[in-house]
Amino acid sequence: EEKQFFIDSISRFCDKCGTAYTPDDVNIVQNTGATTIIHFSCSNCKARHIATFVRTLGLSQRVPLNTDLGVDEIKAFSEMEEISLQEILNMYTILKKSSATKI
């Protein structure tokens, strides 16, 4: 099973309390074939971790990220469109004006 593969390849135990992961603790958030985002949730201490599994030239890489986000939240964020540089600049300008008027 794919979930057991990720447990064997990425993380067998919770980084926080050391409890062994089971396939029920693993959720695949996104799988593009080249990259998979996996959400680990400890059944014991409820700690949540995200890992990215990258298949390039037969190699894998683990990038753990502690999170308080649930699987549904991560999926929602991963499906959002990219924010443009102009949108970031607009938000910066709004926040700067807002903070300047409060002084």
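The following passage describes the fold, the aromatic pairs and the surface features of a predicted protein model.

Residues are numbered from 1 along each chain as its sequence is written, and side-chain values rest on heavy atoms, with hydrogens and water left out. As the model is predicted, local features require pLDDT of at least 70 and side-chain atom pairs count only at pLDDT 80 or more, whereas totals for chains, interfaces and linings use all residues.

The predictor's confidence in each residue is expressed as pLDDT, on a scale from 0 to 100. The chain has a mean pLDDT of 85, and 89% of its residues reach 70 or more. Confidence is highest in β1, at 91, and lowest in strand β4 (residues 65-67), where the mean is 73. Where pLDDT is low, predicted coordinates should not be read in detail.

The secondary structure consists of 3 helices and 4 strands. Both kinds of element are DSSP runs numbered from the N terminus: helices are H or I runs of at least four residues, and strands are E runs of at least two. Read from the N terminus, the order of the elements is α-β-β-β-β-α-α. Of the 103 residues in the chain, 23% are buried; this term denotes a relative accessible area under 20%, while exposed denotes over 50% and partly exposed the range in between (1.4 Å probe, protein chains only). Among the contacts in the chain with a separation of 6 or more, 36% join residues 24 or more positions apart, a contact being defined by heavy atoms within 4.5 Å.

The structure contains 4 aromatic pairs. Rings of Phe, Tyr and Trp (its six-membered ring) are paired if their centres lie within 6.5 Å; planes under 30 degrees apart are classed as stacked, those over 60 as edge-to-face and the rest as tilted. One of the pairs is formed by Phe 6 and Phe 53, which are edge-to-face, with 5.4 Å from centre to centre and 70° between the planes. This pair links distant parts of the chain, since Phe 6 belongs to helix α1 (residues 2-9) and Phe 53 to strand β3 (residues 48-54), 47 residues apart. Both Phe 6 and Phe 53 are buried. Another pair, Tyr 21 with Phe 40, is tilted, at 4.9 Å from centre to centre and 40° between the planes. Tyr 21 is buried, with a relative accessible area of 7%, and Phe 40 counts as buried at 1% relative accessibility. In addition, Phe 5, Phe 6 and Phe 53 make up one aromatic cluster.

Phe 6 is also among the contacts of Ile 28, which include Glu 2, Thr 36, Ile 37 and Lys 75 once neighbours within four places in sequence are set aside. Ile 28 is located in strand β1 and is partly exposed, with a relative accessible area of 24%. The C-alpha atoms of Ile 28 and His 39 are 6.2 Å apart in space, although the two residues are 11 residues apart in sequence. A further approach in space involves Arg 48, a residue of strand β3: Arg 48 and Gly 70 are 22 residues apart in sequence and 7.9 Å apart from C-alpha to C-alpha. Arg 48 is partly exposed, with a relative accessible area of 30%.

The loop between β2 and β3 contains Lys 46. The phi angle of Lys 46 is near 70°, a positive value in a residue other than glycine. Lys 46 is exposed, at a relative accessible area of 57%.

The chain exposes about 7400 Å², of which carbon and sulfur atoms supply 56%; accessible areas come from the Shrake-Rupley method with a 1.4 Å probe, and for residues only the protein chains shown count as cover. A nonpolar surface patch is formed by Ile 83, Leu 85 and Ile 88, with about 350 Å² of accessible area together. Patches consist of residues with over 30% relative accessible area and no salt bridge, like charges being joined within 9 Å and nonpolar side chains (Val, Leu, Ile, Met, Phe, Trp, Tyr) within 5 Å. Within this patch, Ile 83 lies in the loop between α2 (71-78) and α3 (85-101), and Ile 83 counts as exposed at 56% relative accessibility.

The structure holds 1 salt bridge, a term for a side-chain nitrogen of Lys or Arg within 4 Å of a carboxyl oxygen of Asp or Glu. The salt bridge joins the side chains of Asp 8 and Arg 12, at 3.5 Å from N to O. Asp 8 is partly exposed, with a relative accessible area of 38%, and Arg 12 is likewise partly exposed, at 47%.
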